[in-house]
Amino acid sequence: MTTRLPLPPSLYADTAVAPVATPPLDVDKTVSVAIVGGGYTGLSTALHLAEQGVEALVLEAQEPGWGASGNNGGHTNPGLKHDPDQIEADFGADLGGRMIEFSYGSTNFTHELIRRYQIPCEARQNGTLRAAYNEASGAAIENTAQQCIRRGMPVSFLNREQLREMTGTDRYIGAMLDTRGGDLHPLSYARGLARAAISAGAKVFGETPALSLRREGTRWRIETPRAIVHAEKVLLATNGFTDDLWPALRRTIVPVFSSIAATAPLSDAIARAIMPTRPVLYESGHITVYYRIDQQNRLLMGGRGPMRWIKSPNDVAYLMRYAERLWPQLKGVVWTHGWNSRLAITTDHYPHVHEPAENMLISLGCNGRGVALSTAMGAQLARRLIGGPKVEIDMPIMGIKPMPMHAFWPIGVTTAVIAGRVRDRLGI
């Protein structure tokens with residue numbers, strides 16, 4: 001039998017809305033679609049299936065939002081990692097164009113879903129800033145902005161003076177503002193998605209890891225600790241917690257820890273000086289730092305940290321020091337929480353959708369953009385699960401390609417983080 005692990009010791013765990021009941025599965029089930037993973041991807045897919053009358057069942061090893069879905073930076077950022085021109089070059093005008101429209105529209109999709117289901121998760125749509133502090137990054141971001149503007153997106157490029165007014169620091173020389181971006185309370189959102197999916201007719205079971213998966217006649221058979229699930233179709237949505245349930249899948253992604261430190265509520269005067277219009281910001285550097293001010297005036301600073309679980313802001317002291325560099329008035333401010341979770345990074349930095357067998361879909365690898373992207377992917381995946389291979393979706397479906405030398409990823413990630421911090425510090 002399994003025991004539900006406590007949530008990571010985060011600000012979100014202390015402040016989220018109450019969870020919906022997701023008891024363990026203890027009776028055998030036969031369903032149309034079984035979904036492994038109770039994060040945003042799995043929950044959104046279950047919701048969109050249930051909306052269309054399809055019987056969907058979610059198996060979650062812990063509880064909805066236990067992983068990165070409930071422990072991320074809370075940013076709803078538009079787009080993919082790559083620029084629009086690069087996406088079209090990689091995938092062609094048709095699919096590439098649809099990928100651009102889909103991914104840059106994912107934030108509007110997400111915030112509209114939140115409004116439609118009245119999910120209480122402190123959602124705001126005050127924009128995303130992608131900021132640069134050196135000339136090379138500034139030129140690259142301006143180029144990205146021009147590509148977006150050329151496609152009619154609500155994007156602008158801001159100069160140093162405009163950024164000083166928007167961020168309260170003179171660190172940045174330029175940034176792209178996309179007004180479709182925003183933020184939310186990640187764990188409250190995950191719990192709200194679970195509640196919406198259940199209210200629409202889906203079943204969500206916590207403390208129910210999938211132990212094995214195999215074909216049995218015309219159906220899939222999933223073994224869990226207490227019961228067996230038979231399903232016509234299966235979606236694997238385990239992202240940074242992907243294991244060996246499907247052959248070689250674990251070796252297609254690098255599970256990377258992303259860490260966050262949060263302050264106690266700041267005074268109104270300090271909070272007004274930092275990000276007064278409340279966009280979210282992420283830096284264009286070798287090691288990304290991202291931050292926002294939440295609705296209680298807390299500053300949440302995120303970035304790469306130790307490649308292990310943490311429990312205190314002291315474990316990511318560099319984030320606190322960097323915050324004081326940006327805003328010296330933070331010296332002496334109390335930092336109350338430090339936590340992390342695992343993201344899934346792909347070598348090409350695109351999300352990966354696989355269809356390795358009949359009636360089997362896999363979706364993983366959001367590369368740090370999972371809040372809006374995973375939510376919007378839920379509708380895409382639901383369409384494909386209902387309609388089958390004849391239904392096109394707005395992301396490529398690719399073969400499973402394990403990374404060479406995957407066993408050495410912890411060393412490689414740690415080395416890259418250290419080198420990236422040095423290069424950022426030197427401004428190179």
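This report describes the overall form of one protein chain, then its paired strands, and then three individual residues. The model is predicted.

**The chain as a whole**

The chain holds twelve helices and 18 strands. Its radius of gyration is 21 Å, close to the 22 Å that the globule rule gives for 428 residues, so the chain is as compact as a globular protein of that length. Along its principal axes, the C-alpha trace extends over about 65 × 45 × 45 Å.

Of the 428 residues, 58% are buried. Among contacts with a separation of 6 or more, 75% are between residues 24 or more positions apart. The exposed surface of the chain comes to about 16,900 Å², and carbon and sulfur atoms supply 53% of that area. As for charge, there are 44 positive and 39 negative side chains, and the centres of these two sets lie 3 Å apart.

**Strand β11 and its partners**

Strand β11 covers residues 228–236 and is mostly covered, with seven of its nine residues buried. Its pairings include β1, β10 and β18, and they are described in turn below.

Strand β1 (residues 29–36) runs parallel to β11, and seven bridges join the two. Within this pairing, Ala34 has Val234 of β11 as its bridge partner. Strand β18 (residues 360–364) also runs parallel to β11, to which three bridges join it. Here Leu235 stands opposite Leu361 in β18.

The pairing with strand β10 (residues 219–223) is antiparallel and involves four bridges. One bridge links Ile222 to Val229 in β11. The connection from β10 to β11 is a hairpin of four residues.

Strand β10 pairs in turn with strand β9 (residues 212–216), in the antiparallel sense, over five bridges. In that pairing, Arg214 is matched with Arg221 of β10. The hairpin of β9 and β10 has two residues between the strands, and Gly217 takes a positive phi near 70° in this hairpin.

**Strand β14 and its partners**

A second set of pairings involves strand β14 (residues 290–293). In a regular strand, side chains alternate between the two faces of the sheet. In β14, Tyr290 and Arg292 point one way, while Tyr291 and Ile293 point the other way, and all of these residues are buried.

Strand β13 (residues 280–283) pairs with β14 in the antiparallel sense over two bridges. Tyr282 has Tyr290 of β14 as its bridge partner. Strand β15 (residues 299–304) pairs with β14, likewise in the antiparallel sense, over four bridges. In this case Ile293 stands opposite Leu299 in β15. A hairpin with five residues between the strands is formed by β14 and β15, and Asn297 in its turn has a positive phi of about 70°.

The table below lists the pairings with their direction and bridge counts.

| Strands | Direction | Bridges |
|---|---|---|
| β1 and β11 | parallel | seven bridges |
| β10 and β11 | antiparallel | four bridges |
| β11 and β18 | parallel | three bridges |
| β9 and β10 | antiparallel | five bridges |
| β13 and β14 | antiparallel | two bridges |
| β14 and β15 | antiparallel | four bridges |

**Three individual residues**

Ser137 lies in helix α6, which covers residues 135–150. With a relative accessible area of 14%, Ser137 counts as buried, because that value falls under the 20% cut-off. Apart from neighbours within four places in sequence, Ser137 is in contact with Ala132 and Ser284.

Ala273 belongs to helix α9 (residues 268–273). Its relative accessible area is 33%, so Ala273 is partly exposed. When residues up to four places away in sequence are not counted, Ala273 touches Thr167, Gly168 and Gln329. Between Ala273 and Gly192, which are 81 residues apart in sequence, the C-alpha to C-alpha distance is 32 Å.

Ala16 is located in the loop between α1 (11–15) and β1. Leaving aside neighbours within four places in sequence, the contacts of Ala16 are with His185, Leu187, Ser188 and Arg191. The C-alpha atoms of Ala16 and His337 are separated by 14 Å, and the two residues are 321 residues apart along the chain.

Methods. Residues numbered from 1 in each chain as written. Predicted model: local features only at pLDDT ≥ 70, side-chain atom pairs only at ≥ 80, totals over all residues. Heavy atoms only, no water. Rg over C-alpha atoms; globule rule 2.2 N^0.38 Å. Buried < 20%, exposed > 50% of the residue type's maximum accessible area, 1.4 Å probe, protein only. Contact = heavy atoms within 4.5 Å. Areas by Shrake-Rupley, 256 points an atom, 1.4 Å probe, with all protein chains shown as cover. Lys, Arg positive; Asp, Glu negative; His and termini not counted. Charge placed at Lys NZ, Arg CZ, Asp CG, Glu CD. Pairing = 2+ DSSP bridges.
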